[in-house]
Every structure is written in C-alpha cells, then in structure tokens.
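I opened this entry to note what I looked up, site by site. The order below is the order in which I went through the sites.

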Amino acid sequence: MRIIDIINKKVENQTLTKEEIDFFIKEYVAENVPDYQAAALLMAIRLNGLSDAETAQLTDAMMHSGEVLDWSYLNKVIVDKHSTGGVGDKVSIALCPILAALGLTVAKMSGRGLGHTGGTLDKLESIDGYNFSVTDQQFRDLVEKHGIAIVGQNQKLVPADKKIYALRDVTGTVQSIPLIASSIMSKKLATGSNCILLDVKCGNGAFMKDINEAKKLGKLMIEIGKKLNRKIAVEITNMQQPLGKTIGNKIEVLEAIDTLNGHGPKDFTEIIYSSGSTLLVLAQKAKDEVEARKMIDEVINNKKAYNKFLEWISAQGGNIKVFEKDSKWFNPQYKQEIIASQSGYLKIKSAIDFGLVAMKLGAGRSKKEDSIDYEAGIYLNKSSNEYVNKGDVLFTLYSSKPINPELQKELLSAIEFSESKHDIQTVFAKLM
Ligand code: URA
C-alpha cells in the first residue's frame, strides 16, 4: 500500500477502505508518512469529506493509535462530558461533582484553553496544590475511591490526534466536520467511558458558528458512538454570549461553587440541569428528565454536591481552605469598572470579544507557552436582557497588572441596548 495512492483516491472523491485508513494512521504515527503527504490527504478530506462509515473507521484507527483505558473491572457506568470550548465555560467544575454525588463515576481528562476559550485544567490549576499530572494508577485510585477525577491528557492516549491536530492547525484543515468529529471522539472513547455528553457550543465564541453545522457535527458524533458501542448525547448550546457572569480562572471556580450551592446565574444553572439530566437519563439513573432534575435539586439542596466537590479537590491535592468564607483567595490587584452611558435592556452580541478581552487581561494564552494570571478576568455585573440605568456598572475587569483603558472600548463594541427584551435560548437542541 502507498500513501500517494490513498491521497489520489480521496482527491478523486472515492471512498477509502478500513485498511487504507488504518495504514495512514499507523504509518503517520510511526513517522513513515511525512507531514506534507499527511497534510495533502487532510486537505483532500476537508474538500471532499468522508462518509459516516469512513469517519467511524478513522475514529477507531485514531483511538487505537495509543493506549485505550478499560474500566470494565469496576462494573460501573463511567460518564464523561466534553465541551467544544467557549467563553465562561465552567460546566465540568460544577457538573462533575453533581454527577458523582448522584452515584455516577466520572473519569475525565481535560485540556488547557487556547486563545479566547478557557480550559478546565487552567481553572482547576488556579486552586493551590491541585494536581492533574497523575499516573495511570493514581487516576484509577482516585476514580475508585471518590467516584470522580479530572486529570490532564495522558500522553500515551491517542498520539495520532496530537500529530494530526498540530498539522491541521497550520494547514487550514481544522474546519472539517469529519476531522473534528474523529478528533473529539477518538479522545473521548480512548478514556474508556461508556456514557458521554457532548456539549457542542454554537455562536461566534465557538468553533461552530452555524446551528446547522453544529447539528451535523452532533449527529455524526452520535453515529460514531453507536458504531463503536457507546452511548452519546449531544447538546447544542448558546455561545453567542459568555456563559454565566464570570470569565477567567479563579473567578469561574467561585461561580461554579456558587452554583453548586444553588446560587448560580440563570443561564449557567440551566446548562448544569440540562446536561446533568441528559446524562442521568442516558446512564439510566433517572427514568426521565423531570426525575433527573429533582435528583440534581436534592444534592444541591442537601450539600452533597458541594461536599463531593470539596472531597474531589482535596483528593487531588487542592487546598480547600481557600474556599472558606473570609478567604482572600481571589484578590486581584487592579480593577476597572465599565459604566453604562445610556439606559435600556442589555444585549451582548459577541462572546468572542469578551473572551479576547479576558485573554488580554491575562486570563488566557495567545501562545501555548504563555503563562496565566489566575486573578485576571471579567465579572458581568449586568447580563443580557437585564435593564440597565445610565451610570450603572456594566462589567468589572480584573488583573494583577495595570489594565489597559482601551479594553473597555472592545467590550462596549460587543454590546447594545434596546427598549425591549430579546429572545435568548441557552440550549438550542438536544440530540440522542
Ligand atoms: N476539539 C478537538 O478536540 N478537536 C477538533 O478538531 C476540534 C475541537
């Protein structure tokens, strides 16, 4: 078999066989196929697409390019959730302890943020001592003992995705639905969970800007899951505006805690209930969404969810004293308030601008090597559809460094005021 023949076949829009797909992945990971030939094939895929069967085969080949975790000895439903990335997305930090408090087992690997999107690992790393670089055995021990662990990506899992993703990033081949689906699904399936919720963010702060494209990606990932014997649910959620009232790292952890204690903002709380109930039904812990929502209410009200959060953070080495009432854990040196110059109902038009301002304040990285300022971020004193009076504080910017006054203009260009409320949906669609 020769890679040039496989490239030519895809250029001519023919269907690749399982053997050809396996050959490409195996030889590329073994460095017998150079980047320029892999890039040519990826471009042919981006332009001509893959059938659902080819995408499932590609996912399978990528998933088996490294280790695949097996939790079958626990005899439990292992759940996972994955978000395609957005602004203010702290869902995993609140949702995972809720699921664990309800008896589901969460074994999750998370990534760092890049650019305007935040990463769960960065947020968790803002908690002093939190250790996500654990050995396989430590990961297993945490999951067995506490029913929850969130750790960093294991280097031995899905090496094909690491190589292919880096190449796609610089060859204009990221925006391909079959390549995105196989990248996400190979990683999720290799971690060994059997029930997976995929939160496909949709809007200008997300990869998928268009609802029809987001649905196509969601349906494809469900099909791949079926072919590979896993239960997958997809939620398509709003990323036209930031999620919740906070963007940053420490500030988002605190909002996740407020939500675990029943005091979260409306849109973020709704995503927690929606995603949580979808997973509880998928894992057959609840008979329907109504029962699942009641179960979530119960562990929030009786503090089991918050106590599970403390148990989990502490088991991974995090100092939970920082969450005590008078702690000065979140203590940014600089702050700047943005004041409304007119009255009206607030409309946030652009999540990406909020993400970029948070990044410029120090909350995110523009390059992989950049370090993060855990104090940096944005608090939305006013949310979309709230009535604002001229002179009210709209947003507060935080940083450990002096704040560039120009940033205020960038946020003001991402909002408008109107005389009446507008329609906002938090969850656009659920697919199962
Ligand atoms: N997230 C991934 O893991 N892979 C992609 O290709 C896109 C988003």
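**Entry 1: Phe 207.** The model is predicted. I began with the contacts of Phe 207: leaving out residues up to four places away in sequence, Phe 207 touches Thr 84, Tyr 165, Val 174 and Gln 175. I then looked up its place, and Phe 207 sits in the loop between strand E4 (195-202) and H10. I took the distance to one of the touched residues as well: Phe 207 and Val 174 are 33 residues apart along the chain, and their C-alpha atoms are separated by 9.5 Å. Is Phe 207 buried, partly exposed or exposed? With a relative accessible area of 35%, Phe 207 is partly exposed, because buried means under 20% and exposed means over 50%.

**Entry 2: the ligand.** Phe 207 led me to the ligand, since Phe 207 is one of the residues that surround it. I listed the others: Tyr 165, Arg 168, Ile 180, Ser 183, Ile 184 and Lys 187. By class, I find four nonpolar, one polar and two charged residues in the shell around the ligand.

Which side chains have N or O atoms that pair with the oxygen or nitrogen atoms of the ligand? I noted three.

- A polar side-chain atom of Arg 168 is 2.9 Å from an oxygen atom of the ligand.
- In the side chain of Ser 183, an N or O atom lies 2.7 Å from a nitrogen atom of the ligand.
- In the side chain of Lys 187, an N or O atom lies 2.5 Å from an oxygen atom of the ligand.

I then checked the cover. On its own the ligand has 240 Å² of accessible area, and the protein covers 91% of that. I also asked which elements give two or more residues to the shell, and they are helix H8 (159-169) and helix H9 (177-190). H9 gives the most, with four residues.

**Entry 3: Glu 375.** Next I looked up Glu 375, which is in the loop between helix H15 (351-363) and strand E9 (377-380). Glu 375 counts as buried because its relative accessibility is 13%, under the 20% cut-off. What does its side chain pair with? I find a polar contact of 2.7 Å between the side chains of Glu 375 and Lys 250. A polar atom of the Glu 375 side chain also lies 2.8 Å from the backbone nitrogen of Asn 331. Not counting residues up to four places away in sequence, Glu 375 touches Lys 250, Trp 329, Phe 330, Asn 331, Pro 332, Tyr 398, Ser 399 and Ser 400.

**Entry 4: Lys 123.** I went on to a second buried charged residue. Lys 123 lies in helix H6 (residues 120-125) and is buried, at a relative accessible area of 0%. A polar atom of its side chain is 2.9 Å from the backbone oxygen of Asp 89. I listed its contacts, leaving aside neighbours within four places in sequence: Asp 89, Lys 90, Ile 93, Gly 118, Gly 248, Asn 249, Glu 252 and Val 253. For Glu 252 I also took the separation: 129 residues in sequence from Lys 123, and 7.2 Å in space, C-alpha to C-alpha.

**Entry 5: helix H1.** Which residues of H1 (residues 3-11) are buried? I noted Ile 3, Ile 6, Ile 7, Lys 9 and Lys 10. Seen down the axis of H1, these buried residues fall within an arc of 160°, so they line one face of the helix. I looked up what covers them, and the cover includes helix H2 (18-29), helix H3 (35-48) and helix H4 (52-63).

**Entry 6: positive phi.** Most residues other than glycine have a negative phi. I noted three residues here with a positive value.

- Asn 13, just after H1, has a positive phi of about 65°.
- Glu 31, in the loop between H2 and H3, has a positive phi near 65°.
- Asn 229, in the loop between helix H10 (211-227) and strand E5 (231-238), has a positive phi of about 70°.

I checked the exposure of two of them. Glu 31 counts as exposed because its relative accessibility is 60%, and Asn 229 counts as exposed at 72%.

Conventions. Residues are numbered from 1 along each chain as its sequence is written. This is a predicted model: local features need pLDDT of at least 70, side-chain atom pairs count only at pLDDT 80 or more; totals for chains, interfaces and linings use all residues. Side-chain values use heavy atoms; hydrogens and water are left out. A residue is near a molecule or strand if one of its heavy atoms lies within 4 Å of it. A polar contact is a pair of N or O atoms within 3.5 Å; within protein, one must be able to donate a hydrogen and the other to accept it, and residues adjacent in sequence count only if both atoms are side-chain atoms. Accessible areas come from the Shrake-Rupley method with a 1.4 Å probe; for residues, only the protein chains shown count as cover. Ala, Val, Leu, Ile, Met, Phe, Trp, Tyr, Cys and Pro count as nonpolar, Asp, Glu, Lys and Arg as charged, and the others, Gly among them, as polar. Buried means under 20% relative accessible area, exposed over 50%, partly exposed in between (1.4 Å probe, protein chains only). Contact means heavy atoms within 4.5 Å. The arc is that of the directions from the helix axis to the C-beta atoms.
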